[in-house]
Amino acid sequence: MTAIQISNVQKRYKSLQALGGVSLSIEEGEFFGLLGPNGAGKTTLISIIAGLNRADAGTVQIHGHDVVSDFRAARRKLGVVPQELVFDPFFTVRETLRLQSGYFGLPNNDKWIDEVMENLDLTNKADTNMRALSGGMKRRVLVAQALVHKPPVIVLDEPTAGVDVELRQTLWKFISRLNREGHTIVLTTHYLEEAQAMCKRVAMLKAGQVVALDTMSSLIRKVAGSQLIVHLKAGDIPDDLRHLVLHAEPVDSGKKYSLKVNEYSEVEQILARLRANGAVIDEMQLQQADLEDIFLQIMEKGAL
Ligand SMILES: Nc1ncnc2c1ncn2[C@@H]1O[C@H](COP(=O)(O)OP(=O)(O)OP(=O)(O)O)[C@@H](O)[C@H]1O
Ligand SMILES: [Mg+2]
């Protein structure tokens, strides 16, 4: 089943086109990354998905429920961790989570609430007032709030902004577990290493348009800039491979070359050519472009 179906969503703030016709289909069980620079429209799209903001045109469905005409059913399927810290300062952590449960019509939810708090390392703050929490702890509560009704679709808008390393790891462990158990995860983050490690598929937004949509592995494979580094202790690069040399330097016992490769299959051909030319490889390394290289390339050129 399709978890989130976004069809031609447009949103304008006065003269600014925040979303210029975004279409995306996210399947149940995916771990999906929604990436893009500041102001790209990620939060605007998420707030439309959450039914907190109205699109000017287009539709969004969560598990088949339209977020406008079938708001309650759509909302029930969805948990959103908002980018902005919003909370009621007068309630404790546990009260905040109980209230949220009540909102979803789940009065006896303490077992799950305890489990969520445990997994987000909030147990010892359960009876602390929200106003007495640090910024990172408040963010944990926002995550807990989004999960209180065990939604099948979980959308996290920069959940790790301002969060320390330990909590990030705790959070990713918990979110990965939920994904393994079948929950669909949509993640927005500026920490591209996190996105690369977690997301199987990504969409990149730029100025309200989807400029890339692919699996993480094929995005990374596509990018020009992967390098094969070979250290030759004898022989040399044949002339017909010279155009691939990005960098050459002498090393202790020979020469080190960085060669540009576009696809894995080229590596075999290069190695065969080297061997045929009498070159002896001492050491070899394939250095992959990472998501950050790809992101910058897409944002600069508009495409790969
Ligand atoms: N309520 C609003 N009124 C006017 N303009 C808005 C409003 N909300 C967002 N915008 C504008 O819409 C554009 C998209 O903003 P949005 O918050 O969706 O970006 P984002 O991708 O989430 O960025 P960030 O990475 O900084 O969170 C920005 O140019 C922003 O200034
Ligand atoms: Mg945002």
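Me: How much space lies in the largest pocket?
Reply: Let's start with a reminder that this is a predicted model. The chain in it has 304 residues, of which 45% count as buried. The space in its largest pocket comes to about 520 Å³.

Me: Which residues lie closest to the centre of the largest pocket?
Reply: The lining of this pocket is made of 26 residues. By class, 14 of them are nonpolar, eight are polar and four are charged. The ones closest to the centre are Leu 52, Arg 75, Val 80, Pro 82 and Val 86.

Me: Which element gives the largest share of the lining of the largest pocket?
Reply: Good candidates are the elements that each supply at least two lining residues: α1 (42–49), α2 (71–76), β6 (78–81), α3 (93–103) and α5 (135–147). The largest share is four residues, and the element that gives it is α3.

Me: How many of the residues of α1 are buried?
Reply: A residue counts as buried when its relative accessible area is under 20%. In α1, the residues that pass this test are Lys 42, Thr 44, Leu 45, Ile 46, Ser 47, Ile 48 and Ile 49. The helix is therefore mostly covered, given the cut-off of under 20%. Out of eight residues, the buried ones number seven.

Me: Which residue with a positive phi follows α1?
Reply: Look just past the end of the helix, which spans 42–49. The residue to find there has a phi near 75°, and its name is Gly 51.

Me: Which residues are the closest to ligand 1?
Reply: Ligand 1 is surrounded by 14 residues. Sorted by class, this shell has five nonpolar, seven polar and two charged residues. The closest are Asn 38, Gly 39, Lys 42, Thr 43 and Thr 44.

Me: Which element supplies the largest share of the shell around ligand 1?
Reply: Two elements each supply at least two residues of this shell, namely β2 (16–27) and α1. The largest share is three residues, and the element behind it is α1.

Me: How much of the exposed area of ligand 1 does the protein bury?
Reply: First, see how the protein touches the ligand. Polar side-chain atoms of Asn 38 and of His 190 each lie 2.8 Å from an oxygen atom of ligand 1, while a backbone N or O atom of Gly 41 lies 2.9 Å from an oxygen atom of the ligand. Taken alone, ligand 1 exposes 640 Å², and the share of this that the protein buries is 62%.

Me: What volume does the largest cavity have?
Reply: A cavity, unlike an open pocket, is a space that a 1.4 Å probe fits into but cannot get out of. The structure holds three cavities of 30 Å³ or more. For the largest cavity, the volume is about 70 Å³.

Me: Which element gives the most to the lining of the largest cavity?
Reply: This cavity is lined by Phe 71, Arg 72, Arg 75, Arg 76, Tyr 103 and Phe 104. By class, the lining has three nonpolar, no polar and three charged residues. Four of the lining residues come from one element, and that element is α2.

Me: What volume does the second largest cavity have?
Reply: Its lining is made of Arg 221, Ser 226, Val 261, Asn 262, Glu 263, Tyr 264, Leu 286 and Gln 288. These divide into three nonpolar, three polar and two charged residues. The volume of the second largest cavity is about 50 Å³.

Me: Is Lys 14 buried or exposed?
Reply: Lys 14 has a positive phi of about 50° although it is not a glycine. You will find Lys 14 in the loop between β1 (2–13) and β2. Its relative accessibility is 81%, and the cut-off is over 50%, so Lys 14 counts as exposed.

Me: What is the relative accessible area of Ala 207?
Reply: Ala 207 also is not a glycine, yet it has a positive phi of about 45°. Its place is in the loop between β9 (201–206) and β10 (209–215). Ala 207 is exposed, and its relative accessible area is 58%.

Me: How many helices and strands does the chain have?
Reply: For an overall view, picture a box of roughly 75 × 45 × 35 Å, taken along the principal axes, filled by the C-alpha atoms of the chain. The elements in the chain are ten helices and 14 strands.

How values were computed: Residues are numbered from 1 along each chain as its sequence is written. Chains are lettered from A and ligands numbered from 1 in the order in which they are written. This is a predicted model: local features need pLDDT of at least 70, side-chain atom pairs count only at pLDDT 80 or more; totals for chains, interfaces and linings use all residues. Side-chain values use heavy atoms; hydrogens and water are left out. On a 1 Å grid over the protein atoms alone, a cavity is a set of points where a 1.4 Å probe fits but cannot get out, and a pocket is an open set with protein on both sides within 12 Å along at least five of seven lines; lining residues have an atom within 4 Å of a point. Grid points are joined across faces, edges and corners, and a volume is the space filled by probe spheres set on the points. Ala, Val, Leu, Ile, Met, Phe, Trp, Tyr, Cys and Pro count as nonpolar, Asp, Glu, Lys and Arg as charged, and the others, Gly among them, as polar. Buried means under 20% relative accessible area, exposed over 50%, partly exposed in between (1.4 Å probe, protein chains only). A residue is near a molecule or strand if one of its heavy atoms lies within 4 Å of it. A polar contact is a pair of N or O atoms within 3.5 Å; within protein, one must be able to donate a hydrogen and the other to accept it, and residues adjacent in sequence count only if both atoms are side-chain atoms. Accessible areas come from the Shrake-Rupley method with a 1.4 Å probe; for residues, only the protein chains shown count as cover.
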